[in-house]
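Thank you all for coming. I would like to walk you slowly through one chain today, so please keep the sequence and the picture in view while I talk.

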Amino acid sequence: SRSAGTRKAAAQKSRKTQHQVLSLQHSLCATMKLLALLLTGAAAFAPAVKPLAARTVSQKMMPEALDVVSQMPSQLLSLEVTEAAFMAVVLGTFVPCVFLITLYIQSEAALLGERVDERV
């Protein structure tokens, strides 16, 4: 009987340990998903620029007299907006506003309902 109790306690401890491992794996997976989401979201705001090696004019062909300022991206390139960044800004503005307006309307309706109930 003592051996059965020991086995039962060991089985419970094993299940508890397995549960802790699964919980840790789940939190690690969720953390990795969040990190991937943040990294891909940040890419929406980065302009799509060709690498320096892929540009049409090679370094050997450029005269050495050109200064660094002439090699910098133009103002038009810096003003380009990607579709993903535009949608992120639009959704990031309108979704919270709609949520807050809905929350305000619901809370005012609830307060009005409480006031009507108090009068009755």
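The chain exposes about 11,300 Å² of surface, and carbon and sulfur atoms supply 68% of that area. Please keep in mind that what you see is a predicted model. Of the 120 residues in the chain, 2% count as buried.

Let me turn to the secondary structure, which consists of four helices and zero strands, so that reading along the sequence gives the pattern α-α-α-α.

How confident is the predictor about this chain? The mean pLDDT of the chain is 76, and 66% of its residues reach 70 or more. Among the elements, helix α2, which covers residues 68-71, has the lowest mean pLDDT, at 62, while α4 has the highest, at 92.

Helix α4 runs over residues 83-119, and Leu91 lies in it. Leu91 also belongs to a nonpolar surface patch, which it forms with Val81, Phe86, Met87 and Val95, and together these residues have about 510 Å² of accessible area. Is Leu91 itself buried, exposed or partly exposed? Its relative accessible area is 49%, and because exposed means over 50% and buried means under 20%, Leu91 counts as partly exposed.

Finally, the cysteines that I would like you to find are Cys29 and Cys97. Cys29 has a relative accessibility of 38% and counts as partly exposed, and Cys97, with a relative accessible area of 38%, is partly exposed as well. How many disulfides are counted in this model? The count comes to zero.

How values were computed: Residues numbered from 1 in each chain as written. Predicted model: local features only at pLDDT ≥ 70, side-chain atom pairs only at ≥ 80, totals over all residues. Heavy atoms only, no water. Patch = residues over 30% accessible without salt bridge, like charges linked within 9 Å, V, L, I, M, F, W, Y side chains within 5 Å. Areas by Shrake-Rupley, 256 points an atom, 1.4 Å probe, with all protein chains shown as cover. Salt bridge = Lys/Arg side-chain N within 4 Å of Asp/Glu carboxyl O. Helix = DSSP H or I, 4+ residues; strand = E, 2+ residues; numbered from the N terminus. Buried < 20%, exposed > 50% of the residue type's maximum accessible area, 1.4 Å probe, protein only. Disulfide = S-S within 2.5 Å. pLDDT = per-residue confidence, 0-100.
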